[in-house]
Amino acid sequence: PSLPAPDVAAVAAVHRTALSQGAPGALTRIDEGPRSYHVATGEADTAAHTPMDTGRRFRVGSVSKTFTTVVLLQLAAEGKIDLDAPANRYLPRPLPDERITVRHLLSHRSGLYDYTNDMFYNTVPGFEAVRNKVFSYQELIDLSTAKPLNNTPGAAYSYSNTNFVALGAIIEHVTGTPVATHYQRRILTPLRLRNTSYVHPRTTISGTYARGYLRQDDTTLPLVDSTEQTVSWAQSAGAVISNARDLNRFFSALLSGKLLPEEQLREMTTMVPVTADGKQSYGLGLRGRTLSCGTTVYGHTGTVQGYYTYAFTTSDGRRSMASLANTSNNGTVNTTLGATLDASFCGTDPA
Ligand SMILES: C[C@@H](NC(=O)[C@@H](C)NC(=O)CCCC[C@H](NC(=O)C[NH3+])C(=O)[O-])C(=O)O
């Protein structure tokens, strides 16, 4: 079934609303076969007054979780990891509950506490305390396991960055190779994602990029430029840098079966509802959203200081969209930006 054409005017209206709610800039790129649609609004750099453009790189936050999942599931397809084995079989130091499986980590059902709740309770002080820090996976896991599990392993969906830090530790312990190398060899090189990188613990973004601006908890105070940071607090859960074109290519390739064997892609896209209305779901490192027109799209969202990302594609990978607003700690902007999905895939302005 062919989708209605993207409503580019509606995307631009969503951007304008996001700017009115405090985002310095926004970009959306839609790719469908040889066609691409571009909408860029506001500024990529508020000091230099550089206009936003859709080619700029940015920190993608939890969209990184889907990259980590592709590596993990390729290892599963190679027989190196059993998704239903205890995660402890593959970790250098055990998690506190043997019942936690690799699949629980991939689907946010382990119960492991999310250490970022404490780390960023006070947004800017929390960020300033870690922006130049380098953590080991174990240090982050230890921050989590200092607190009790949220739930019995497998009993419930409970989003936690700890899950994907543990998966990064598993990938490196099982293969002896850094996650960065796996991203490069298994995803970035084959798909020619030349604007995507994993440069942890380097704090700078190379090439042409959008600067990110973190809103303070006291919203009357000016935005904080949060562009340079290690993102070591997230790593395999959130430290990838990319741009809209590369994200669209990544998700299109993933959903059209170019990155995983059928068996693993089926496991990844076996979705569990995570909202009462059933419109939002989670599979393995993958979010599902059913839009106002009934179309379900697959991808991930991302939040890292100064950057909100949406990156989604259709079930056949035919049409993909990536949107960025270069602010964060602003839930209104994050919700507003999500309306680019309806405009891009349903061709309507959901307002
Ligand atoms: C939700 C999102 N998750 C992610 O992208 C991960 C990597 N980010 C976080 O857990 C947010 C950390 C705090 C951000 C900070 N907030 C605060 O400091 C709040 N006190 C900010 O908004 O920049 C996802 O999966 O879509």
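Q: Where along the chain is Arg 211 placed?
A: In this predicted model, Arg 211 is found in the loop between α8 (179–191) and β5 (213–214).

Q: Is Arg 211 called buried or exposed, and what makes it so?
A: The relative accessibility of Arg 211 is 15%. Buried means under 20%, so Arg 211 counts as buried.

Q: What makes the pair Arg 211 and Glu 228 a polar contact?
A: Look at the distance between their side chains, which is 2.8 Å. A polar contact needs N or O atoms within 3.5 Å, and the pair of Arg 211 and Glu 228 is counted as one.

Q: Where does Pro 201 lie, and what is special about the peptide bond that joins His 200 and Pro 201?
A: Pro 201 lies in the loop between α8 and β5. Its bond with His 200 is a cis peptide bond, with omega at about 5°. Most peptide bonds are trans, so a cis bond is worth a look.

Q: What makes Cys 293 and Cys 346 a disulfide?
A: Check the distance from S to S, which is 2.0 Å. The cut-off for two cysteine sulfur atoms is 2.5 Å, so Cys 293 and Cys 346 are joined by a disulfide. By this rule, the count comes to one disulfide.

Q: Why is the disulfide of Cys 293 and Cys 346 called left-handed?
A: The answer is in the torsion about the S-S bond: for Cys 293 and Cys 346 the torsion is about -65°, so this disulfide is left-handed.

Q: Which parts does the pair Cys 293 and Cys 346 tie together?
A: Cys 293 belongs to the loop between β10 (287–290) and β11 (296–304), while Cys 346 is in the segment after α12 (340–345). The pair therefore ties together parts that are 53 residues apart in sequence.

Q: Which words, buried or partly exposed, fit Cys 293 and Cys 346?
A: Cys 293 has 40% relative accessibility, so it counts as partly exposed. Cys 346 has 5%, so it counts as buried.

Q: Which residues are closest to the ligand?
A: The closest are Ser 62, Phe 120, Tyr 159, Thr 301 and Ser 328, out of 19 residues that surround the ligand. The element that gives the most to this shell is β11, with four residues.

Q: How do you know that Ser 62, Asn 161 and Thr 303 make polar contacts with the ligand?
A: Compare each distance with the cut-off of 3.5 Å between N or O atoms. The side chain of Ser 62 has an N or O atom 2.5 Å from a ligand oxygen. For a polar side-chain atom of Asn 161, the distance to a ligand oxygen is 2.8 Å. Thr 303 uses a polar backbone atom, 2.7 Å from an oxygen of the ligand. On its own, the ligand has 630 Å² of accessible area, and the protein covers 82% of that.

Q: Where does the ligand sit?
A: The ligand is in the largest pocket.

Q: Where is Asn 326 found, and is Asn 326 buried or exposed?
A: Asn 326 is in the loop between β13 (319–325) and β14 (327–328). With a relative accessibility of 0%, Asn 326 counts as buried.

Q: What does the side chain of Asn 326 reach?
A: One partner is the backbone nitrogen of Gly 25, at 2.7 Å. Another is the backbone oxygen of Glu 43, at 3.1 Å.

Q: What makes phi of Gln 235 and of Asn 329 stand out?
A: Most residues other than glycine have a negative phi. For Gln 235, phi is near 50°, a positive value, and for Asn 329 phi is near 55°, also a positive value.

Q: Where do Gln 235 and Asn 329 lie, and which is buried or partly exposed?
A: Gln 235 lies in the loop between β6 (224–225) and β7 (241–242), and its 4% relative accessibility makes it count as buried. Asn 329 lies in the loop between β14 and α11. With a relative accessible area of 26%, Asn 329 is partly exposed.

Q: Why is Leu 140 called buried?
A: Leu 140, in helix α6 (residues 137–145), has 0% relative accessibility, so it counts as buried.

Q: What about Gly 338, is it buried or exposed?
A: Gly 338, in the loop between α11 (331–337) and α12, counts as buried at 10% relative accessibility.

Terms used
Residues are numbered from 1 along each chain as its sequence is written. This is a predicted model: local features need pLDDT of at least 70, side-chain atom pairs count only at pLDDT 80 or more; totals for chains, interfaces and linings use all residues. Side-chain values use heavy atoms; hydrogens and water are left out. Helices (H or I, at least four residues) and strands (E, at least two) are DSSP runs, numbered from the N terminus. Buried means under 20% relative accessible area, exposed over 50%, partly exposed in between (1.4 Å probe, protein chains only). A residue is near a molecule or strand if one of its heavy atoms lies within 4 Å of it. A polar contact is a pair of N or O atoms within 3.5 Å; within protein, one must be able to donate a hydrogen and the other to accept it, and residues adjacent in sequence count only if both atoms are side-chain atoms. Accessible areas come from the Shrake-Rupley method with a 1.4 Å probe; for residues, only the protein chains shown count as cover. On a 1 Å grid over the protein atoms alone, a cavity is a set of points where a 1.4 Å probe fits but cannot get out, and a pocket is an open set with protein on both sides within 12 Å along at least five of seven lines; lining residues have an atom within 4 Å of a point. A molecule sits in a cavity or pocket if more than half of its atoms lie within 2 Å of its grid points.
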